[in-house]
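Student: I'd like a close look at one part of this protein rather than a tour of everything. Could you walk me through it?

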Amino acid sequence: MTAPHDHAAPATGTGEATAAQYVYGVTRADARLPEGLTGLDDNPVTLVAHEHCAALTSDLPAGRPLGRRADLMAHERVLDALVDAGTVVLPFRFGAAMAGTEAVEKELLAANGERLGQVLDQLDGRLEMRVRGTYVQDALLREVMADDPQVAELNQRLRSIPADAADAAYYDRVRLGEMIARALEQRREHDGQVLLEALTPAAEAMVRKPPAREEDVLDVAFLIGRDRLADFQRAVEEIGAAHADRVTLRLIGPLPPYDFVPEA
């Protein structure tokens, strides 16, 4: 395959033996790729097209398994480049590979072309933004202490224990940790819902993810129309400022719409 220019020529199945192909995702057959776009092992990215859809592919690295950090970064770089260029893309999760360009054309595109085209229509003009909210630890602990006299009393008692006697208070420290964890869990559901209701008006869809850490309040992927992106960013800034004393909001994106690709 030749290196892409501002518009990569689509490859077609000719029956000739080709290298195994790594597949980054699917876009329109007439998409224009950024000039010099490279993927895994700096191999050039090209389009393998069938009718109205095309797969973004490059030669699969030979002689080694995938999974290096550089592989994942290359996968993300290719998809991010299309998002940055305003090109609709149906992103694949890391690790998709096929036997060659003919397999990509026949087994992926020809066999699924109608459905792929429908998903591209659904994602056209849209991108993913991720919002993560994390509690400001010191402020939240002060709040918990103020609201629960038992937690405050136990915390104060433990703070007064001499360092050489700390082992004797082990079970009380465990109890305090459990009490604080329960208080955080109760607040998280309420606080997360408040933030979510403030953010959703500018979004077309959302996927809420379970918190990964105790201090996490919110982790949500939003599907945003490009024409509403500035509105959404402004809403995150305003809501973040309004809750800054308790919660730190982090906005990530624009991203390929991974969380809005149908499982099938």
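Which residues line the second largest pocket?

Tutor: Keep in mind that this is a predicted model. The lining of the second largest pocket is made up of Glu76, Asp80, Arg93, Glu128, Arg130, Arg132, Lys209, Ile252, Leu255, Pro256, Tyr258 and Asp259. The space inside comes to about 260 Å³. By character, the lining splits into eight charged residues, four nonpolar and no polar ones. Helix 1, strand 6 and strand 9 each give two or more residues to it, and strand 6 has the largest share, with three.

Let's take those elements in turn, beginning with helix 1. Helix 1 covers residues 69-84, 16 in number, and spans 22 Å from its first C-alpha to its last, close to the 22 Å expected at 1.5 Å a residue. After the helix comes Gly86, with a positive phi near 80°. Asp71, Ala74, His75, Val78, Leu79, Ala81, Leu82 and Val83 are the buried residues of helix 1. In an α-helix there are 3.6 residues a turn, so residues three or four places apart point the same way. The buried residues of helix 1 pack against strand 1 (21-28), strand 3 (53-59), strand 4 (90-91) and strand 9 (247-255).

That brings us to strand 9, where you'll find Leu249. Leu249 counts as buried because its relative accessible area is 18%, under the 20% cut-off. Leaving aside residues up to four places away in sequence, Leu249 touches Val131, Arg132, Gly133, Leu195, Val236, Ile239 and Gly240. One of these, Arg132, is also in the pocket lining. As for Val236, it sits 13 residues from Leu249 along the chain, and their C-alpha atoms are 7.6 Å apart.

Strand 9 also leads us to the largest nonpolar core, which has 31 residues, with Leu199, Phe222 and Phe232 making the most contacts inside it. Strand 6 (126-135), helix 3 (137-147), helix 4 (149-159), helix 5 (170-199), strand 8 (216-225), helix 6 (229-242) and strand 9 each supply at least two of the core residues. Helix 5 gives the most, eight residues. As a general matter, nonpolar side chains tend to be buried together in soluble globular proteins.

Phe222 links back to where we started. Again leaving out residues up to four places away in sequence, Phe222 touches Leu127, Glu128, Met129, Val131, Leu196, Leu199, Thr200, Ala203, Ala205, Met206, Phe232 and Phe260. Glu128, among those partners, is one of the residues lining the pocket you asked about.

Definitions and conventions. Residues numbered from 1 in each chain as written. Predicted model: local features only at pLDDT ≥ 70, side-chain atom pairs only at ≥ 80, totals over all residues. Heavy atoms only, no water. Helix = DSSP H or I, 4+ residues; strand = E, 2+ residues; numbered from the N terminus. Expected span 1.5 Å × (residues − 1). Buried < 20%, exposed > 50% of the residue type's maximum accessible area, 1.4 Å probe, protein only. Contact = heavy atoms within 4.5 Å. Core = buried A, V, L, I, M, F, W, Y, C linked by side-chain atoms within 4.5 Å. 1 Å grid on protein atoms, 1.4 Å probe; cavity = no way out; pocket = protein on both sides within 12 Å on 5 of 7 lines; lining within 4 Å. Points joined across faces, edges and corners; volume = space filled by probe spheres on them. Nonpolar A, V, L, I, M, F, W, Y, C, P; charged D, E, K, R; others polar.
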